[in-house]
Amino acid sequence: MIMELKILFITGIFLLLISGCTKKNVDGFAEVIPVVEIDGLVNDTSFLDSASLFIPETKQNALIHGADRIIENEDRFLILDMEMKQVLGYAKSGKHLFTIHAVGGGPGEYVNLFDMAIDRQAKRLLLLTYPPAIQYYTFDGVYERTERLEAIYKSLAVTDQYIYLRKETYANNHLSDYSLLAIEKEIGHRHSLWKPLPEIAPFCTFGTMSMTGNDPVYLTRKFDNTIYATKDGLIEESYIIGWGDKAFPDTSGKRTYTCEELNEICRENKYVYTMTDLCDMPGYLLFRTNQPGLCVLSKEKKEVKNYHLVMNTDYQLVMPNFIPVEGGGGRIFFIYPSDVLKMSVQADGKHPNDNLSCLLEQISEESNPVFFSYFVK
């Protein structure tokens, strides 16, 4: 979904549970990475670089309602819009290239669209759909074939050797028997991995994606302070985040919470219960939580800095929550809906600077969102 500008002090419980994974499925012992809070407003230039804009063309068949996953592939951006059940392709200039919106019941069509990934080795775009299937497209958005699946999966990742499919933890009022399916691309062998944790807050979610689409594939799950990675068809611990007093005391599954209860307890205590929207780069790993801000894990310093509010110094705008751009060498986007951008400037009452005035002249309230692009220094 498009990132809202309101800072949401939404919910979370953090249980220090990693015993749900069997030794057969999960290898390695990660060290605990401490968290450093950066309170108040931080200028983008303090830790971000190469600021630029991506303004996607607005057309009748290219209206962006949400951005749930974004992939950069050579000279273009691919945008997954789950609300509208579509994938949009754009040149980096903003020119619209194609839209995949094959909703229906016929061959090559789908009822719902959950995720997308690209197979760089085979040069194909893969869509994860319902009825359960993987649909294959060219990078230009041309449909090729459909591969049926036996169960419903919600997330997709592709490496040179494997296709990974993420299963819902809780379905049909029962805990799933596994969380991840690894398919060997060359011979088709399938491996069920990762026993789920007990579900103490069924159907309560936050953020967009809890599995990256690149190699290595990073994974997280609710009520677990560990960031995992796939390796050779197995799962290993990569980082354990030390949240300190933000970690909810371990209840060991003694009770369950409604979403309302979960939200309330996390607002009061600022507990973290989920990490999503991971963005991997050579020196850093970025992610969001159910608490406000942007988390930057330094692989060299072995620390996580949590920036609560980020100010774009060129446009004098507070940035909304970020979304990673996969395959972009560490690029991230902050996404402003055009109508919200215009209204926020009007509500501020201050005269916008020259950069912002120029931007506002380029868009209308009906325009597609504006994407503010950065790289981490």
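# A tour from the disulfide outward

With -110° about the S-S bond, the disulfide of C204 and C259 is left-handed. The model on screen is predicted. Select both cysteines and display their side chains: the sulfur atoms of C204 and C259 are 2.1 Å apart. A disulfide is a covalent bond between the sulfur atoms of two cysteines. A search of the whole structure finds one such link.

Now colour the chain by position. C204 sits in the loop between β17 and β18 (218-219), while C259 belongs to helix α1 (residues 259-269), so the bond links distant parts of the chain, 55 residues apart. Switch on the surface as well. C204 is buried, at a relative accessible area of 3%, whereas C259 is partly exposed, at 32%.

**Two cysteines without a partner**

Select C266 next. Why does C266 form no disulfide? The closest cysteine sulfur, in C204, is 9.8 Å from the sulfur of C266, which is too far for a bond; the cut-off is 2.5 Å. C266 counts as buried, at 0% relative accessibility.

Move on to C295. Its closest cysteine sulfur is in C279, at 13 Å, again too far for a bond. C295 is buried too, with 1% relative accessibility.

**Q291 and its contacts**

Stay with C266 in view and add Q291, found in the loop between β22 (284-289) and β23 (294-298). Which backbone oxygen does the side chain of Q291 reach at 2.8 Å? That oxygen belongs to Y271. A polar atom of the Q291 side chain also lies 3.3 Å from the backbone oxygen of C266. Q291 is buried, with a relative accessible area of 4%.

**The four-stranded sheet**

Switch to a cartoon view and select residues 155-158, which make up strand β12, and 190-193, which make up β17; these are the edge strands, each pairing on one side only. The sheet is open and has four strands in the order β12-β13-β16-β17, with antiparallel pairing. On average, neighbouring strands in this sheet are turned by 20° against each other, direction ignored.

For the inner pair, select 162-166 (β13) and 180-184 (β16). These antiparallel strands are joined by five bridges. Y164 is a useful marker here, as the residue standing opposite A182 in β16.

**Aromatic rings**

Show the side chains of Phe, Tyr and Trp. There are 15 aromatic pairs by the rule used here. One of them is Y137 with Y143, an edge-to-face pair with 5.6 Å centre to centre and 70° between the planes. Y137 is buried, at 3% relative accessibility, and Y143 is partly exposed, at 33%.

Another stop is W243 with F287. Their ring centres are 6.4 Å apart and their planes stand at 90°, so this pair is edge-to-face. W243 lies in the loop between β20 (234-242) and α1, and F287 in strand β22, so the pair ties together parts 44 residues apart in sequence. Are these two rings' residues buried or exposed? Both W243 and F287 are buried.

Then select F54, F77, Y90, F333 and F371 together: these residues form one aromatic cluster.

**Arginines over rings**

Finish with two arginines. Select R145 and Y136: R145 lies over the face of Y136, 3.8 Å from the ring centre. Then select R255 and Y257, where R255 lies over the face of Y257 at 3.9 Å from the ring centre.

Methods: Residues numbered from 1 in each chain as written. Predicted model: local features only at pLDDT ≥ 70, side-chain atom pairs only at ≥ 80, totals over all residues. Heavy atoms only, no water. Pairing = 2+ DSSP bridges. Helix = DSSP H or I, 4+ residues; strand = E, 2+ residues; numbered from the N terminus. Axes fitted to C-alpha atoms, helices over the stretch in contact; angles between N-to-C directions. Buried < 20%, exposed > 50% of the residue type's maximum accessible area, 1.4 Å probe, protein only. Polar contact = N/O pair within 3.5 Å; in protein donor to acceptor, adjacent residues only side chain to side chain. Phe/Tyr/Trp six-rings, centres within 6.5 Å; stacked < 30°, edge-to-face > 60°. Lys NZ or Arg CZ within 6 Å of the ring centre and 35° of its normal.
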